[in-house]
Amino acid sequence: MAGEMKLGAYICKGCGLGERLDCAELAKVAQKEGKAQVVREHDFLCHADGLAMIGNDITAGVNQIAIAACSRRAKAEAFTFDGVCVTRANLREGVIWVHPDTDDARETTQEAAADYVRMACAEAKAMRAPAGNPNRGGSKRILVVGGGISGLTAAREVAAAGYEVLLVEKSDELGGIARHLYRRVPAKEPFTEPQETGLAELVNSVCSNPHITTLINSTIAQTSGAPGRFTVEIASTGGNNRSETVGAIIQASGFTPYNANALTEFSYGRTLDVIDQLGLEKLVAAADGAPITRPSDGKPVKRVVFVQCAGQRSADDGRLPYCSGYCCNTSIKQAMYFKDADPAIDTTIIYSDLRTPGNGEDFYRSAQRKDITFTKGKVSTVTPTAAALKVDFKDLILDQDADIEADLVVLATGQVPNSGIDIETSDEAQAAAADKSILNLTYRQGKDLPQLRYGFTDSHFICFPYETRRTGIYACGPVRRPMDMAQAMDDATGAALKAIQAVENAAAGRAAHPRAGDLSFPQYRREGCTQCKRCTVECPFGAIDEDEKRYPVFNESRCRRCGTCMGACPVRVISFENYSVDTVGAQIKAVDIPDEFSEKPRVLILACENDAYPALDMAGMNNQHYSAFARIIPVRCLGSVNTIWITDALNSGYDAVALMGCKHGIDYQCHFVKGSELATYRASKVDDTLKQMNLEPERVQLFEVAITDALRTPKLIDGLVAKVIEIGMSPLKF
Amino acid sequence: MAKLVPTNETILVAGGGISGMTAALEAAECGKHVLLIEKSPSLGGRVSQFHRYFPKLCHPTCGMEINTRRLKANKRVHILTMTEVTAVTGTAGNYTVNLLTRPRYVNENCTACGACAKAVSSEIPNAFDYNLGKIKAAYLPFVMAYPQRYVIDPSIVGTAEGEAANAACAHDAIDLDMKPESFTVNVGAIIWATGWQPFDAAKIQPYGYDRFTNVITSVEFERMMDPSGPTGGKLLRPSDGKEARNIAFIQCAGSRDRNYLKHCSRICCMATLKQSTYIAERYGDDPDAKVSIYYIDIRAIDRFEDFYQKVQADPRVTFIKSKVANITEDESSGDPVLHGVDTEGYHRYDNRHDLCILAIGMQPSVRAEEIATGMHGDANGFIETNDENGAIFAAGCAGNPLDVNRSVQNATAAALRAIQVVNRIAAAEA
């Protein structure tokens, strides 16, 4: 935004602020020290009158606004003014509600309020209203990778919303694994009988849709770009390669049935009469209504045993540690193939926990009515005998070893996701697996989506199941988590929405989740950059590539605006218009530091705005008091904390600095995935700096804080202040 | 939140729990206009009453904070709280919906300063804590409530207490003359996200929920374990306030039973495994702490298996494969005594516990057929995916018993289904 900057500071006297604080004094601080050109007090600032007053000032040229009232989390809608930067001095939740209303406390409470006014003014002056990422790209076409049930559904649903689709399938036919299914598990009342798969209708609806272009025998040879402007090189086995532009990508690469050859104890591969579930579907489809016969000798099957969790739910090497979730219902369906054809056929399902959630229970009951036998047990071996197969198992109800004879044994083996290359493995391992890549991304951080556990590309977030770490690329179906057909179709529909949302966001130049709508984007000063690559390596979303001279290339539409790059940069050349080393640095400098003999230490708290800061607000709402010597600055993510803030604070006389952020590790809670982990790493490096400054290491602390820690956060602050008093005031006050 | 004139390009989302919030936000972040209505005074639904989520044991408030921030930043979502749908007529692309807003007696001037609550002394049962505790009759439903606006309970309207609250408000935010308001809106598509309610435990007579104080439900236990809940997070049993150490969970309480709910509610196994970790966390190495889980099948599906393995490895937790026959109460101690047969080896038991938690099943808050004439639901009342339902789409537990992650996934899909309808309208009108 060009032109003159004009700061307006507004001091609210409502909610007890007027009684507890000398607001006239705060107005003077805003004017003299905050250098606000317009300063106004108001009895009730969030009221329509107060807002109109601010609106009039904006019309008269105020374009930076510091609101000294409640927390930025309160009245957020009221205090939003388009095209203008707004900062908040949290005098209510952050000052009067957390300090006692006593004569003794009045002075330090007023000092805290004055500092927050100074900070809000300084921050507003350092901010610019963002105008949105200019590097947008306008493609709204969606690429769907994989033509199985998930991919077909995604394609159909995207097209039904009025968007163009490019569907790419590796094999020579659409339908994926579902092509081999004879029937599917019921998805409708009364949930008692297997039903038609509906695949032919689905394939037809996709093939006849003018908004869907389908390429079979094709794979993705290369993907580059960003949401709104991905360039995809598509290789075809016919040699007819092409380059396409798309706006977002749905990865529906599906699963591969677990390779049962590893299950030697069950004689898979040793006799043709031990098959997996997919093998049985093929057998039943081939029989086409005739009696189902044994693969080995063509004799009709009279006794069939289903072994649940075969190679699953096992910690053993080469086995699947997870439960694939669909196999209990599938075995029930398959046992019905036999029972419905001939009730005299013995069908036994040996299971340890039968898992048929929701209306699967009706299907389970239907199976019991059809006299399918369910035995709670654990199968140890399947052995071919002269005329049959012997299944040895531990009967868990009778608590004894048992065996049963069968003509055919079906192993419920589970799903292995087709997730391409694990980008967390070594460069050599990735190179060796290069031909496995699904997307062949040209991204600095690897060719495929990051994996969570066991090869699934699932989101780590319970509340946000589609949040992959690659903006504009969404996984759905069994590549995301093990699932059945009904779930895969629903999942594909959700992924279709996310892809559409990604192209709409990219076209408008705004951020995607979790800072949805944010118009700021990272910018860097090339002349100052030392090509150290920390930003490109540390970006949790792989948004930054490198050019041939190893300078960073920011792909703004891939960026989630966490600021991790800004925190990483040792030469501080990365910034956002409304959030930068300066916007926070200016707040740190704005705080008034009393001298060494004042007995008034200053403790800086840099708090994650999503979890730690709300926890502190809640402390205020619950009137949990904490030291008036703390000064709290919310940050987008601890990952955005540049260590210069810590060293500058200590150099300018702060007595201690604390970082408050989210849990990291396997169950991390950081919404930017790596932010709190990186902050921990960086903070550990501050020790050396402290030594050089002759400061005690206790002066910098990092606390893992959850949003519910309303009782604990005040104690952490008080503990840190007590520590300062114990080790003494900083010697660096001037 | 902005003013909105609904049209047939607007999507109505009924229900402001995690599914409704998600559906509203996902649609609005695609550029659509959404009217989000919620029956209670604040958004968040049952999820906001959870202490932690399985399997990460993180706090639901964290994702809620992101969602409320998304709402605050999005002008395309218009929110009406204390509002219910009373009738739906019409067809896909053109629905007429009658809405009823109950009086909050507090207007948009409210700053949530809390002065009214300080001025009032009457208390009402705290619905947020499943009535286990009390709250002032002028209240913020919970500390993170959004919209951040107080409520005056109707019980003090027209009393001196109501006047005292009014007098204490410096912001002219209390309006004791508010009346219920009925009005009609026109929308193109409807996302039905009214969620679930716990099955009425008193109906399971053999378990004596209505007779034995120390038999409680899993949703009540969840509130007790929340440090901001009715017991301050302490595991105190209701009869005598004694710290409960020997705790029983009964799975499928109401579920998988043709007498009650015939479906499996899906979440209760994981909920119990999660809650068993609360107990383990409370008591550390205390040798007297014991958890007994009476189950039919443990349904820890997909990666949740890891969590099951973790709990199984805890020596304080015992799994007993048994459908508990009945509960009696030891009169002198108030201890619940569980009777039944451990089917693994057929051993009869009469096990005494300090506290018994019923892993209560899920049923839809509103049955499909109650929404509009001709709506198709399954036998349990969950909305079916059915073309004959027109442009009324289920999101989350209104359509299926789902965990949070699957509810959000499903709500995202529901948002697309609604968008498809309003986009067709927009294309036709363009």
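This passage describes the fold of chain A and the contact between chains A and B.

The model is predicted. The predictor assigns the complex an ipTM of 0.97 and a pTM of 0.97. For chain B, the average pLDDT is 96. In that chain, 99% of the residues score at least 70.

Chain A has 734 residues, and 58% of them are buried. The C-alpha atoms of chain A fill a box of roughly 95 × 60 × 50 Å along the principal axes. The chain contains 20 helices and 29 strands. Contacts in chain A often link distant parts of the sequence: of those between residues at least 6 apart, 70% join residues at least 24 apart.

Chain A is divided into three parts: domain 1 (1-129), domain 2 (142-254 + 418-508) and domain 3 (260-414). Domain 2 is thus written as two stretches of sequence. The centres of domain 1 and domain 2 of chain A, taken over C-alpha atoms, lie 49 Å apart.

Strand 11 of chain A spans residues 248-251, and both of its faces are covered. A:Ala248 and A:Ile250 point to one side. A:Ile249 and A:Gln251 point to the other. All four residues are buried. Strand 11 has two parallel partners in the lines of pairing described here. Strand 5 (residues 142-145) of chain A is joined to strand 11 by 4 bridges, and the two run parallel. Within this pair, A:Ile142 has A:Ala248 as its bridge partner. Strand 21 (residues 473-475) of chain A is joined to strand 11 by 3 bridges, again in parallel. Here A:Ile249 is matched with A:Ile473.

A further sheet of chain A is open and has 7 strands. Their order is 13-19-14-15-16-17-18, and the pairing is mixed. Strand 13 (274-276) and strand 18 (400-406) of chain A form the edges, each pairing on one side only. From one strand to the next, the twist averages 40°. Inside this sheet, strand 14 of chain A pairs with strand 19 (residues 408-411) of chain A. The two are parallel and share 4 bridges. A:Val305 stands opposite A:Val409 of strand 19.

Two helices of chain A lie across strands of this sheet. Helix 8 (residues 277-287) of chain A lies across strand 13 and strand 19, at about 100° to strand 13. Helix 9 of chain A lies across strand 14, strand 15 (346-351) and strand 19. The direction of helix 9 makes about 170° with strand 15 of chain A.

The loop between strand 14 (303-307) and helix 9 (327-341) of chain A holds A:Gln312. This residue counts as buried because 22 other C-beta atoms lie within 10 Å, and the cut-off is 20 or more. Leaving aside residues up to four places away in sequence, A:Gln312 touches A:Arg319, A:Leu320, A:Cys323, A:Ser324, A:Thr413 and A:Gly414. A:Glu599 is 287 residues from A:Gln312 along the chain. The C-alpha atoms of these two residues are separated by 64 Å.

Another open sheet of chain A has 4 strands in the order 27-26-28-29, with parallel pairing. Its edge strands are strand 27 (630-635) and strand 29 (700-704) of chain A, each of which pairs on one side only. On average, neighbouring strands are turned by 20° against each other, direction ignored. Strand 26 (residues 603-608) of chain A is joined to strand 27 by 6 bridges, and these strands run parallel. In this pair, A:Leu604 stands opposite A:Arg631 of strand 27. Helix 17 (residues 643-651) of chain A packs on the sheet. The helix touches strand 26, strand 28 (656-661) and strand 29 of chain A. The direction of helix 17 makes about 150° with that of strand 28.

The final part concerns the interface. Here 66 residues of chain B are in contact with 68 residues of chain A. On the side of chain B that touches chain A, the elements giving two or more residues are helix 1 (18-28), helix 2 (60-73), helix 7 (304-312) and helix 9 (404-429) of chain B. Helix 9 of chain B gives the largest share, 14 residues. By class, this side of chain B has 28 nonpolar, 19 polar and 19 charged residues.

Note on methods:
Residues are numbered from 1 along each chain as its sequence is written. Chains are lettered from A and ligands numbered from 1 in the order in which they are written. This is a predicted model: local features need pLDDT of at least 70, side-chain atom pairs count only at pLDDT 80 or more; totals for chains, interfaces and linings use all residues. Two strands pair if DSSP finds at least two bridges between them. Axes are lines fitted to C-alpha atoms, for helices over the stretch in contact, and angles run from 0 to 180 degrees between N-to-C directions. Two residues are in contact if their C-beta atoms, placed from the backbone, lie within 7 Å. Domain bounds come from an automatic or database domain assignment. pLDDT is the predictor's confidence in each residue, from 0 to 100. Ala, Val, Leu, Ile, Met, Phe, Trp, Tyr, Cys and Pro count as nonpolar, Asp, Glu, Lys and Arg as charged, and the others, Gly among them, as polar. A residue is buried if 20 or more other C-beta atoms lie within 10 Å of its own, exposed if 12 or fewer, and partly exposed in between; C-beta atoms are placed from the backbone.
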